[in-house]
Amino acid sequence: MRQDYTDVQNIYIVCGKTDMRKGIDGLATLIQDSFDLDPYGDSIFLFAGGKKDRYKCLYFDGDGFAMLYKRLDAGKLQWPRSEREVKNLTQQELRWLLEGLAIQQPRAIAPSLKSSF
């Protein structure tokens, strides 16, 4: 099963540590009860444990939930530490995170605002 998730409406990262023993039902309940978000929406939800060398991704594709579990062979993710917080990521921030970079890059060129000439 390989799908293109680049057009998903929301990408949420659950900051801090998540109990990685949780399965689909446990993570969906966490999303719904702790963060008041809809696990059935057009959203991807990302979770990481304490080691930051593995993460889970939860997505509802219309007829059921899909869960991806990845363990990195080398390196760690720069997962935000703030507990009990959910952040909405852009596609670029997701790429940075999954490449081992921080989601907020100090040297990234910020999008420019329109100005008058």
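**Salt bridges**

Select R21 and D19. Their side chains meet in a salt bridge, 2.9 Å from N to O. This is a predicted model. R21 is exposed, at a relative accessible area of 75%. D19 is partly exposed, at 33%.

Now go to D53 and R54. These side chains also form a salt bridge, with 2.9 Å between N and O. D53 is buried, with a relative accessible area of 13%. R54 counts as partly exposed, at 21%.

Next, pick R71 and D73. Their salt bridge spans 3.4 Å, N to O. D73 counts as exposed, at 72% relative accessibility. In total, the structure holds three salt bridges.

**Strand β3 and its partners**

Select residues 54-60, which make up strand β3. How many of its seven residues are buried? Six are, so β3 is largely enclosed by the rest of the structure.

Add strand β2, residues 43-48. β2 and β3 pair in the antiparallel sense, over five bridges. To see one bridge, show I44 and its partner in β3, Y59. Then follow the chain through the hairpin of these two strands. Five residues lie between the strands. One of the residues to check in this hairpin is K52, which takes a positive phi near 60°.

Turn to strand β4, residues 65-71. β3 and β4 are antiparallel too, and they pair over seven bridges. Show L58 and, opposite, M67 in β4. The hairpin of β3 and β4 has four residues between the strands. Stop at G62 there: its phi is positive, near 115°.

While the strands are on screen, look along their side chains. In a regular strand, side chains alternate between the two faces of the sheet.

**Aromatic pairs**

Colour the aromatic rings. The count comes to four aromatic pairs. Start with Y12 and F45. They are stacked, with 5.3 Å centre to centre and 15° between the planes. Y12 lies in strand β1 (residues 10-14) and F45 in strand β2, so this pair ties together parts that are 33 residues apart in sequence. Are the two residues buried or exposed? Both Y12 and F45 are buried.

Move to Y40 and F65. This pair is tilted: the centres are 5.2 Å apart, with 55° between the planes. Y40 sits in the loop between α1 (24-35) and β2, while F65 is in strand β4, so the pair ties together parts that are 25 residues apart in sequence. Y40 is partly exposed, with a relative accessible area of 49%. F65 is partly exposed as well, at 23%. Add F60 to the selection. Y40, F60 and F65 form one aromatic cluster.

**The nonpolar cores**

Hide the loops and show the nonpolar side chains. In soluble globular proteins, such side chains tend to be buried together. The largest nonpolar core here has 17 residues. Which of them have the most contacts inside the core? They are I13, I44, L46, W79, L89 and L97. The elements giving two or more residues to this core are β1, β2, β3 and α2 (91-98).

Centre the view on W79. Leave aside its neighbours within four places in sequence. W79 is then in contact with I13, V14, C15 and G16. Its contacts also include L46, F47 and A48. K52, Y55 and L97 are on the list too.

There is a second, separate core of 10 residues. To find that core, select V14, L27, I31 and L58, which are among its members.

**The cysteines**

Finish with C15 and C57. How many disulfides does the structure have? The count is zero. C15 is in no disulfide, and the nearest cysteine sulfur, that of C57, is 15 Å away. That distance is too far for a bond. Buried or exposed? C15 is buried, with a relative accessible area of 2%. C57 also counts as buried, at 14% relative accessibility.

Terms used
Residues numbered from 1 in each chain as written. Predicted model: local features only at pLDDT ≥ 70, side-chain atom pairs only at ≥ 80, totals over all residues. Heavy atoms only, no water. Disulfide = S-S within 2.5 Å. Buried < 20%, exposed > 50% of the residue type's maximum accessible area, 1.4 Å probe, protein only. Salt bridge = Lys/Arg side-chain N within 4 Å of Asp/Glu carboxyl O. Pairing = 2+ DSSP bridges. Phe/Tyr/Trp six-rings, centres within 6.5 Å; stacked < 30°, edge-to-face > 60°. Core = buried A, V, L, I, M, F, W, Y, C linked by side-chain atoms within 4.5 Å. Contact = heavy atoms within 4.5 Å.
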